[in-house]
There are 2 protein chains.
Amino acid sequence: MRRKLTPLQRGRVDIREAASNTRGVVCEAVRDKRWITRTALPEDSMDKPNIVTCTAPVNIAVIKYWGKRNEDLILPINSSLSVTLHQDQLKTTTTVATSRSFQEDRIWLNGKEEDITHPRLQSCLREIRRLARKRRNDGEAGLNLTGMSHKVHICSVNNFPTAAGLASSAAGFACLVYTLAQVFGVEGELSGIARQGSGSACRSMYGGFVQWIMGKKDDGKDSLAQQVEPETHWPDLRILVLVASAERKQVGSTSGMQTSVQTSCLLKHRAESVVPERMVEMIEAVQTKDFTAFAELTMKDSNQFHATCLDTYPPIFYLNNVSRQVINLVHRYNRHYGETRVAYTFDAGPNAVIFMLQQHVTEFVQVVQHFFPPDTNGGQFIKGLPVSCASLSKDLEQAIGLEPMPKGISYIISTKAGPGPCVVEDHLLGSDGLPKKTT
Amino acid sequence: MRRKLTPLQRGRVDIREAASNTRGVVCEAVRDKRWITRTALPEDSMDKPNIVTCTAPVNIAVIKYWGKRNEDLILPINSSLSVTLHQDQLKTTTTVATSRSFQEDRIWLNGKEEDITHPRLQSCLREIRRLARKRRNDGEAGLNLTGMSHKVHICSVNNFPTAAGLASSAAGFACLVYTLAQVFGVEGELSGIARQGSGSACRSMYGGFVQWIMGKKDDGKDSLAQQVEPETHWPDLRILVLVASAERKQVGSTSGMQTSVQTSCLLKHRAESVVPERMVEMIEAVQTKDFTAFAELTMKDSNQFHATCLDTYPPIFYLNNVSRQVINLVHRYNRHYGETRVAYTFDAGPNAVIFMLQQHVTEFVQVVQHFFPPDTNGGQFIKGLPVSCASLSKDLEQAIGLEPMPKGISYIISTKAGPGPCVVEDHLLGSDGLPKKTT
């Protein structure tokens with residue numbers, strides 16, 4: 001539903017779009033529709049909620065973040081770099097509504113009301129409100145003052161199962177902060193606020209290739225995400241998420257990295273002496289689209305992260321037999337061709353995220369299907385971007401020579417790099433400020 | 001078969017025994033019998049082989065050796081420390097015979113003739129012969145000159161299956177070098193020669209608690225094993241080897257450590273900055289019999305070694321699901337009691353070696369049997385030193401709360417710290433210089 005805008009409103013939309021473009025956070029589909037709902041809300045409807053809905057992406061780190069130097073502000077012990085995954089496949093959608101009729105702040109996550117007093121949620125709410133007040137006090141023109149002191153209702157859903165073990169908190173907090181910012185009319189740098197919800201959420205505030213610069217300041221003001229290259233930079237880079245048969249995570253990442261910081265001497269060395277150099281090399285590899293360098297660094301950094309988990313006391317294991325089979329499979333595949341065509345990375349869970357160039361996708365998917373024969377009774381094995389069919393060569397099958405692991409992988413999500421958060425029109429909250437029945 | 005000795009011969013035996021005692025390498029059972037066979041060989045029997053048989057132990061490192069700074073001389077990048085396991089449970093037996101009638105050097109390993117030209121075998125043969133010549137040239141009194149230039153026949157067997165994944169090369173080369181030394185009348189420091197057969201073999205030259213000092217010299221002359229404490233030092237320390245269901249080792253340790261040295265930045269840091277301090281702490285823990293310190297360092301060092309394997313590119317995995325279940329089980333067991341009662345360590349394979357004090361053996365074995373229910377059709381589950389029966393408390397079972405893993409562990413070898421190599425009487429080679437039919 002698109003409303004007619006005054007020339008002034010139209011102009012503001014254009015300026016904001018231009019600003020957003022430089023941060024690479026505009027979704028093509030909603031380019032003309034963003035900011036509208038909020039700014040066009042008429043004065044006479046103040047009892048109706050002011051309502052905005054946004055989506056935000058999942059990101060996957062290729063230089064890993066593991067360990068905080070400040071638990072409250074979520075300041076990391078090293079910089080990290082990620083690729084933002086496309087929201088056509090994986091996204092969080094969040095609606096925020098404010099109304100003077102709301103009695104208290106409330107939140108619904110994936111259809112269930114949750115405790116809004118969670119400290120990290122409170123950090124994000126507090127920081128956005130603080131920024132809004134600051135802007136009001138600075139007397140900024142065109143600021144939407146409506147709802148500044150109102151309570152908020154928040155409703156958020158993922159389009160992927162939490163059990164998939166993907167970093168839903170990154171997309172979730174990025175989406176929350178981005179949406180709150182729209183509602184309260186806050187602009188500019190928001191990754192520092194998202195960071196206080198969940199460290200890696202700051203990287204989900206941008207599309208494409210994103211670094212989280214660790215910063216040096218004690219107050220964390222310089223610990224921010226920054227886009228290295230937009231999602232359009234490397235169009236033939238493709239991504240597969242291999243969802244391993246669901247297992248519950250043994251150790252959550254928050255407590256895991258705490259224990260690692262306290263007990264692993266290898267982690268300290270990694271953060272201080274290994275990552276700084278790798279960040280420079282990775283940025284160079286991304287900027288020059290050097291797949292070999294990108295792939296090898298990605299694999300080495302994933303392995304080193306899991307090595308520091310093992311060096312933790314008591315040790316933490318996130319890789320399982322399926323993960324190890326994927327790792328062996330990738331190395332044997334690359335060895336067969338005498339070049340690095342495929343790379344894996346694993347976060348705090350057994351799912352593999354695979355990077356490769358477009359021209360190798362069909363064959364590699366065949367390899368995965370052969371060595372992880374899917375459950376024939378199950379649904380679609382390959383979801384997302386279409387993958388052509390082909391038969392696996394005997395030559396390649398023998399070169400890999402692993403024992404097939406039936407049902408080790410539940411399904412594959414075929415995707416690519418994508419844009420940052422964006423505004424959409426379909427709200428999850430109704431005009432009564434409560435979740436719509438359909439969610 | 002004991003022969004009568006001349007007073008001179010008798011005296012020499014005593015002196016040698018005394019020397020051996022300080023190195024803790026005397027087996028009680030053969031104390032009165034060693035050196036006899038060789039020294040008593042009459043001049044008129046020179047066509048008959050000069051024959052000696054010895055046994056040597058397996059050792060298990062608690063501060064791990066991984067990585068060489070010199071591949072030919074087998075010089076390590078860090079010092080290491082091990083416990084010598086008792087030969088009543090695990091040993092290699094080696095017979096060496098020399099005779100002027102032998103046409104060539106030959107070797108039989110576990111019943112099969114093998115290639116004697118293997119470079120590491122040749123290193124040991126060459127070094128022992130060099131030492132023997134040096135002693136002859138130095139005109140040492142009482143040296144047995146017989147057979148100095150004769151060819152050798154070597155026959156060696158383990159009393160445990162190679163498939164058990166225990167470090168058989170350490171016991172094997174220690175036994176070879178020790179036996180050759182007896183045959184050629186070489187005494188004194190032999191660990192430097194054993195080291196050139198297999199690095200960790202140098203530690204199997206002594207009983208009890210043994211450190212391998214990495215040394216600094218380029219020629220490796222100071223890279224030697226040294227006894228920290230004899231096997232009698234800590235009588236209530238008990239050891240269980242949990243033999244995981246046999247799997248072939250993916251990557252051999254020689255090539256594995258080569259790749260690690262070349263590619264793992266964490267290994268370099270470990271060797272230079274972590275191990276030196278840990279060696280000091282471990283020696284202190286052993287000397288003071290501080291089980292908590294000993295156990296925690298042992299577990300941390302095992303985990304760190306496997307972490308550096310994972311940081312290797314391509315990564316190396318030695319731990320499997322059974323190993324990880326053992327690790328979790330030990331930590332949960334210790335957590336239940338609020339103290340570190342049990343420790344694990346893993347070498348380049350999935351078998352766990354468990355350390356604990358005598359008073360906890362019965363209960364911990366019950367725990368292992370419960371969470372790794374043995375194959376009821378199989379043989380004896382617990383081999384070696386007897387373990388009392390007891391039933392597992394529900395309380396403890398629930399506190400551990402893992403999903404049992406049937407047949408994950410094939411059997412347990414119950415053992416303790418033991419002595420170094422020693423001379424025995426039962427030869428593996430007959431008077432014809434060929435393996436006896438029974439072997």
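This report describes how two chains of a predicted model are related, how a helix from each meets the other, and how one further helix is built.

## Basis of the model

In this predicted model, local features need pLDDT of at least 70 and side-chain atom pairs count only at pLDDT 80 or more, while totals for chains, interfaces and linings use all residues. Residues are numbered from 1 along each chain as its sequence is written, chains are lettered from A and ligands numbered from 1 in the order in which they are written, and side-chain values use heavy atoms, with hydrogens and water left out.

## Relation of the two chains

A turn of 180° with a shift of 0.0 Å along the axis lays chain A on chain B with an RMSD of 0.0 Å, the superposition being by least squares on the C-alpha atoms of residues with pLDDT of at least 70 in both. The two copies are thus related as by a two-fold rotation axis. In chain A, the C-alpha of A:A307 is nearest that axis, 2.1 Å from it.

## The α7 pair

Helix α7 (residues 265–287) of chain A and helix α7 (residues 265–287) of chain B have axes that come within 10 Å and cross at roughly 145°; helices are DSSP runs (H or I, at least four residues), numbered from the N terminus, and axes are lines fitted to C-alpha atoms over the stretch in contact, with angles from 0 to 180 degrees between N-to-C directions. Among the residues that meet (heavy atoms within 4.5 Å) are A:H269 and A:R270 in α7(A), and B:H269 and B:R270 in α7(B).

## Helix α4 of chain A

Helix α4 (residues 168–184) of chain A has 17 residues, of which 16 are buried, meaning under 20% relative accessible area with a 1.4 Å probe, protein chains only. After α4(A) comes A:G185, whose phi is positive, near 65°.

Terms used: Expected span 1.5 Å × (residues − 1). Buried < 20%, exposed > 50% of the residue type's maximum accessible area, 1.4 Å probe, protein only.
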